[in-house]
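The exercises below are meant to be worked with the sequence and the coordinates side by side. Each task sentence is followed by a solution that proceeds step by step.

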Amino acid sequence: MITYHSIGYCGLFAALSALALLRLLPAASRAHRLLSHALLAALLITAAIVGLSY
């Protein structure tokens with residue numbers, strides 16, 4: 001069963017792996033830009049889900 005707690009942990013682990021990939025990718029690459037936008041969107045969605053759960 002998926003709970004808000006597990007969504008928060010999955011979002012945290014995904015964000016940490018995305019940050020590691022961002023450090024490895026060149027700063028001017030398209031992949032770096034797409035991953036940074038996806039990371040920002042994922043963090044906002046996770047924060048909204050956890051915030052609305054209370």
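A residue is called buried when its relative accessible area is under 20%, exposed when that area is over 50%, and partly exposed in between. The model used throughout is a predicted one.

**Exercise 1. Classify Leu34 and Leu24 by their relative accessibility, and give the helix in which each one lies.**

Step 1. Leu34 belongs to helix 2, and its relative accessibility is 49%. Because this value falls between the two cut-offs of 20% and 50%, Leu34 counts as partly exposed.

Step 2. Leu24 belongs to helix 1, and its relative accessibility is 71%, so Leu24 counts as exposed.

Step 3. Distances can now be added for both residues. From C-alpha to C-alpha, Leu34 lies 27 Å from Leu52, with their positions 18 residues apart in sequence, while Leu24 lies 32 Å from Thr3, at a sequence separation of 21 residues.

**Exercise 2. Describe the overall form of the protein from its secondary structure, its radius of gyration and its box.**

Step 1. The secondary structure consists of two helices and zero strands; helix 1 covers residues 4–24, and helix 2 covers residues 30–52.

Step 2. The radius of gyration is 13 Å, whereas a compact globule of 54 residues would have a value near 10 Å.

Step 3. Taken along the principal axes, the box filled by the C-alpha atoms is roughly 40 × 15 × 15 Å.

Step 4. Of the 54 residues, 13% are buried, and the protein exposes about 4,400 Å², of which 75% is supplied by carbon and sulfur atoms.

**Exercise 3. Decide whether Thr46 and His32 are buried or exposed, and list the residues that each one contacts beyond its sequence neighbours.**

Step 1. Thr46 is placed in helix 2, and with a relative accessibility of 17% it counts as buried, because that value is under the cut-off of 20%.

Step 2. When residues up to four places away in sequence are not counted, Thr46 touches Ile7, Gly8 and Gly11.

Step 3. His32 is likewise placed in helix 2, and its relative accessible area of 19% makes it buried.

Step 4. Leaving aside neighbours within four places in sequence, the contacts of His32 are Leu22, Leu25, Pro26 and Ala27.

**Exercise 4. Explain why the rings of Tyr9 and Phe13 count as a stacked pair, and place both residues on the surface.**

Step 1. Rings pair if their centres lie within 6.5 Å, and planes under 30 degrees apart count as stacked. By this rule, the count comes to one aromatic pair.

Step 2. The ring centres of Tyr9 and Phe13 are 6.3 Å apart and their planes stand at 25°, so the pair is stacked.

Step 3. Tyr9 and Phe13 are separated by about one helical turn, because they are four residues apart in helix 1.

Step 4. Tyr9 is partly exposed at 44% relative accessibility, while Phe13, with a relative accessible area of 54%, is exposed.

Step 5. Together with Leu12, Leu16 and Leu19, Tyr9 and Phe13 make a nonpolar surface patch of about 520 Å². Leu12, a member of this patch, lies in helix 1 and counts as partly exposed at 43% relative accessibility.

Notes:
Residues numbered from 1 in each chain as written. Predicted model: local features only at pLDDT ≥ 70, side-chain atom pairs only at ≥ 80, totals over all residues. Heavy atoms only, no water. Phe/Tyr/Trp six-rings, centres within 6.5 Å; stacked < 30°, edge-to-face > 60°. Buried < 20%, exposed > 50% of the residue type's maximum accessible area, 1.4 Å probe, protein only. Rg over C-alpha atoms; globule rule 2.2 N^0.38 Å. Areas by Shrake-Rupley, 256 points an atom, 1.4 Å probe, with all protein chains shown as cover. Patch = residues over 30% accessible without salt bridge, like charges linked within 9 Å, V, L, I, M, F, W, Y side chains within 5 Å. Salt bridge = Lys/Arg side-chain N within 4 Å of Asp/Glu carboxyl O. Contact = heavy atoms within 4.5 Å.
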